[in-house]
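This report deals with salt bridges and with one pocket. The structure comes first, then the text.

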Amino acid sequence: MGFLQLLKSQFLCHLIICYVFLVSGLIINLLQLCTLPVWLVSKQLARRINIRLAYCISSQMVATLEWWSGTECTLYTDPKSYPLYGKENAIVVLNHSFEIDFLCGWTFCERFGVLGSSKVLAKKQLAYVPIIGWMWYFLEIVFCKRKWEEDRRTVNESLQKLRDYPENFWFLLYCEGTRFTPKKHQVSMQVAESKGLPKLKYHLLPRTKGFWVTVQSLRGTAAAVYDSTLNFRNNEMPTLLGLLNGKKYHADLYVRRIPLELIPEDEKECAEWLHELYQEKDSFQEHYAKTGRFPGPIMSPPRRPWSLINWLFWSCLLLYPLGLLLTQLISSGSVFTIVASVAVCSAASLGVRWMIGQTEIKRASNYGNKETSLNNNYMYSPTRPLSLHR
């Protein structure tokens, strides 16, 4: 182990990263709260301010992946589609199999300049997570309760509000509804068998209703669906804790741009189209398992320095007064103040560890563990093939 890698594994370094993220995040949340009066004067101005403030938070996590751990992210895509990325609104359909799949998605959002404005369909519980959840509230993130009758109206209304959004955004959808685990996959394939659906090896059955509502709500706003399939080399199973320890991973992402007008408007046909899409995604994963790469050319955008510059800015801003405070506390010789300082630092570390824990596969929700929870898929007839590019 080299000196730099040894340094990255030290608790003190982790504590500094956690301190900068927590304190800067709470400051930014407070600044976002202060933008509420701006909404009354100019909604678009408030949105643009919140995009920049959100970038200050999310780019710190991107910096951890790209600059601290040195994780490499390779993009496989069509050269004709590549120039459009970041210049149009899009719906991103990503497989949900890894603890840091969302962070790899953020990395490409950053490289194409849409990180601050990116959206996601997230479970309601995440709205209560400090910093990230509160940031998402001001970004007009769409939250769902996983109760279809309520979510259908909520999702549609939330997406309709994005029609006049002032900057390009990518809207992330995990169509599988929950993170892949062997148990959930077993249940999902039991449902597939009972409904006459082709079985998937690397994915859960997609939830068709949420996808259809999203596509219908964003017609005329989003230009395309970016079908995205993520994998890691050498069967790596990356974690946020691994990133924090400076461990380097190798992510490969395969993206296909599918114009929105090619997706059927009829709800049942759209459901069938999505099932076919996931069969193709499964074939891409099978190709990756056999060859170690996705089909098509590599068109990876280079990483940009802005996430690192943002982290350095907040570090300089927050570590200097912290250093002065610690110096005064130590020089005072007060046992109480020293113990209190250690307690605060420990609490901060535990707070970040709790937030990291929300992403761990072993802490995933039970959603999808029961067959009844997967009954929002439409019957798909394998005898009626649909073309994704018809």
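K199 has a relative accessible area of 52% and is therefore exposed, the cut-off for that class being over 50%. The model is a predicted one. The partner of K199 in a salt bridge is E193, with N and O 3.5 Å apart. E193 has a relative accessibility of 56%, so E193 is exposed as well under the cut-off of over 50%.

**Salt bridges**

The count of salt bridges comes to 17. Three of the pairs, among them the one just described, are set out below.

| Pair | N to O distance |
|---|---|
| K43 and D164 | 3.3 Å |
| R47 and E140 | 2.9 Å |
| K199 and E193 | 3.5 Å |

K43 and D164 form a salt bridge whose closest N and O atoms lie 3.3 Å apart. This pair joins distant parts of the chain, since K43 belongs to helix α4 and D164 to the loop between α7 and β5 (170-173), with the two positions 121 residues apart in numbering. K43 has a relative accessible area of 33%, which makes K43 partly exposed because the value falls between 20% and 50%. D164, at 36%, is partly exposed for that reason too.

The side chains of R47 and E140 also meet in a salt bridge, at 2.9 Å from N to O. Here again the link is between distant parts of the chain: R47 is in helix α4 and E140 is in the loop between α6 and β4, 93 residues apart. Both R47 and E140 are buried.

These two pairs are not separate: K43, R47, E140 and D164 are linked in a network of salt bridges. The network thus includes the buried residues R47 and E140, together with K43, which is partly exposed, and D164, which is partly exposed.

**The second largest pocket**

E140 leads on to the second largest pocket, which holds about 540 Å³ of space. Its lining has 20 residues, and those closest to the centre are Y137, E140, I141, S158 and K161. By class, the lining is made up of nine nonpolar, nine charged and two polar residues.

Which elements supply at least two residues each of this lining? They are α3 (36-41), α4 (43-68), α6 (132-138), β4 (142-144) and α7 (148-160). The most is given by α7, with five residues. Helix α4, which holds K43 and R47, is one of the elements that supply at least two lining residues.

Note on methods:
Residues numbered from 1 in each chain as written. Predicted model: local features only at pLDDT ≥ 70, side-chain atom pairs only at ≥ 80, totals over all residues. Heavy atoms only, no water. 1 Å grid on protein atoms, 1.4 Å probe; cavity = no way out; pocket = protein on both sides within 12 Å on 5 of 7 lines; lining within 4 Å. Points joined across faces, edges and corners; volume = space filled by probe spheres on them. Helix = DSSP H or I, 4+ residues; strand = E, 2+ residues; numbered from the N terminus. Nonpolar A, V, L, I, M, F, W, Y, C, P; charged D, E, K, R; others polar. Salt bridge = Lys/Arg side-chain N within 4 Å of Asp/Glu carboxyl O. Buried < 20%, exposed > 50% of the residue type's maximum accessible area, 1.4 Å probe, protein only.
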